[in-house]
Amino acid sequence: MGQEERVFAAQKPIASERYGQVRQESERLCRPLAIEDYVIQTTTEASPAKWHLAHTSWFFETFLLTPYLPDYRAFHPQFSRLFNSYYDSVGVQWPRTRRGELSRPTVAEVYQYRAHVDRAMGELLAHWPESAEAAQRFEIGLQHEQQHQELILTDLKCNLGLNPLAPAYDKLPEPPEGEPAPLEWIAYDGGPVTIGMSGEGFAFDNERPAHTTWLQDFRLASRPVTNGEYRAFVEDGGYERPEWWLADGWSTLQRENWRAPLYWRYQDGQWFEFTLGGLHPLADNLPVCHVSYYEADAYARWAGRRLPTEQEWEAAAGSVAIVGNFRESGYLHPQPAPPGELPIQLFGDVWEWTASAYTAYPGYRREGGALGEYNGKFMCNQLVARGGSCVTPQEHIRVSYRNFFYPADRWQFLGIRLAEWA
């Protein structure tokens, strides 16, 4: 038995408890839902909640139970097709764009599927194989489910936000009133810095290996851009003036008829914002969110600044504690920047767009087999966002964590932090 297998064997009771906590959290997030809420899909990006619950079970069934639990019997032979997301080497998938067309399996059957997988996982954990690969797959499975917990909330917001009734997912705490911390500029010296995950601890393959890169002197804004600051851009004709926009961004704006961030609504001479708690007057003191890279870049140009690179962001975040407004706070929406050690809100509240393309680090080695499709095959035409958001589990975030989105994506809690050359 190797070191990794021995460590896992010694921690089996903890692993079993953690598995149960993660799985139960996914179901807890769905308790406020009506049956109808589980099924709808309003855009390609926003999968139904029912699909998320089933897909995370499919992941454990496909990558752990089928290869490692003797005599395991799949819950349903067609679920491997219905709930595979994008793993082409595993088999064919039901089209992502059509996940909301399936009334069957029912929500009740999906919960039965989850219970079936959980019972089998309990048996597997009780008779754990001496396999480093199995231990790695188990950890990836938990991290994967936490990613889908975040997606359950962002996708529900997208699906509910299209409804003219603006229904609330749940009653949420009221955000604090008052002005956010003032925006200041923090200077960082250039030179060689180490970026990426090194040493022990879990990280996805796209966070490794740690490597040295060179930075020029730069300054970083002490907090994200607020609704009030972004509203000034909107009211200055920001969406009508092509001089601020990248060519692709201006084309997208025209095609999609963007006039403001995704969930802003202009009614009776006033701006409102749809949140998971329903429709509320736009709060100027909160960080702006649900903006595309194109909008973030256009705002930065209008403000006479730029977006940071992911290397600059990570260099700044390396000395900051990973605390902030994460899902555990219960707000499920960005909150005002609090006073405190600068920079503020590098973690939580909003994913922060960077100007960096999502590409492989020097020395990157893609994982073998089907799990190699998890990150590596998306390293094209996407940009990196950092820091987590108000619906990200806090334990899921690391300084090195790299999220990635297409530049037109807006459905995630994506926000803006400005940078400038020193």
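**Exercise 1. A strand pair**

In which sense do strand β6 and strand β7 pair, and over how many bridges?

*Solution.* Start with the model. It is predicted: local features need pLDDT of at least 70, side-chain atom pairs count only at pLDDT 80 or more, and totals for chains, interfaces and linings use all residues. Residues are numbered from 1 along each chain as its sequence is written, and side-chain values use heavy atoms, with hydrogens and water left out.

Step 1. Find the elements. Helices (H or I, at least four residues) and strands (E, at least two) are DSSP runs, numbered from the N terminus. Strand β6 covers residues 270–275, and strand β7 covers residues 278–281.

Step 2. Apply the pairing rule. Two strands pair if DSSP finds at least two bridges between them. β6 and β7 have four bridges, in the antiparallel sense.

Step 3. Look at the join. A hairpin of two residues links β6 to β7. Thr 275 faces Gly 278 in β7.

**Exercise 2. The whole sheet**

Find which strands stand at the edges of the sheet that contains β6.

*Solution.* Step 1. Write the order. The open sheet has three strands, β5-β6-β7, with antiparallel pairing.

Step 2. Count partners. β5 (264–267) and β7 each have a single partner strand, so they stand at the edges and one side of each lacks a neighbour in the sheet.

Step 3. Add the turn. On average, neighbouring strands of this sheet are turned by 35° against each other, direction ignored.

Step 4. Check the other pair. β5 and β6 pair over four bridges in the antiparallel sense. Trp 264 stands opposite Glu 273 in β6.

**Exercise 3. Two packed helices**

Describe how α3 and α6 lie against each other.

*Solution.* Step 1. Recall what is needed. Two packed helices are described by the angle between their axes and the distance between the axes.

Step 2. Read the values. Helix α3 (residues 49–68) and helix α6 (residues 132–161) pack at about 175°, and their axes are 9 Å apart. Axes are lines fitted to C-alpha atoms, for helices over the stretch in contact; angles run from 0 to 180 degrees between N-to-C directions.

Step 3. Classify. Angles under 35 degrees count as roughly parallel, over 145 as roughly antiparallel, 65 to 115 as roughly perpendicular and the rest as oblique. The two helices, α3 and α6, are therefore roughly antiparallel.

Step 4. Sort the contact by class. It has 16 nonpolar, six polar and four charged residues. (Ala, Val, Leu, Ile, Met, Phe, Trp, Tyr, Cys and Pro count as nonpolar; Asp, Glu, Lys and Arg as charged; the others, Gly among them, as polar.)

**Exercise 4. Salt bridges**

Examine two salt bridges, Glu 133 with Arg 137 and Arg 386 with Glu 310.

*Solution.* Step 1. State the rule. A salt bridge is a side-chain nitrogen of Lys or Arg within 4 Å of a carboxyl oxygen of Asp or Glu. The structure holds 27 of these salt bridges.

Step 2. Take the pair inside a helix. The closest N and O atoms of Glu 133 and Arg 137 are 2.8 Å apart. Both residues lie in α6, four residues apart, about one turn of the helix.

Step 3. Judge exposure. Buried means under 20% relative accessible area, exposed over 50%, partly exposed in between (1.4 Å probe, protein chains only). Glu 133 is partly exposed, at 41%. Arg 137 is buried, at 17%.

Step 4. Take the second pair. The closest N and O atoms of Arg 386 and Glu 310 are 2.8 Å apart. This pair links distant parts of the chain: Arg 386 is in strand β9, Glu 310 in helix α10 (residues 310–317), 76 residues apart. Arg 386 is buried at 0%, and Glu 310 is buried at 1%.

**Exercise 5. Disulfides and unusual backbone**

How many disulfides are there, and where do cis bonds and a positive phi occur?

*Solution.* Step 1. Test the cysteines. A disulfide is a pair of cysteine sulfur atoms within 2.5 Å. The count is zero. For Cys 158, the nearest cysteine sulfur, that of Cys 289, is 13 Å away. Cys 158 is buried, at 9%.

Step 2. Recall the background. Most residues other than glycine have a negative phi, and most peptide bonds are trans.

Step 3. Locate the cis bonds. One runs from Arg 104 to Pro 105, with omega near 5°. Another joins Arg 208 and Pro 209, with omega about -5°.

Step 4. Locate a positive phi. Ala 166 has phi of about 50° and is not a glycine. Ala 166 lies in the loop between α6 and β1 (185–188) and is buried, at 18%.
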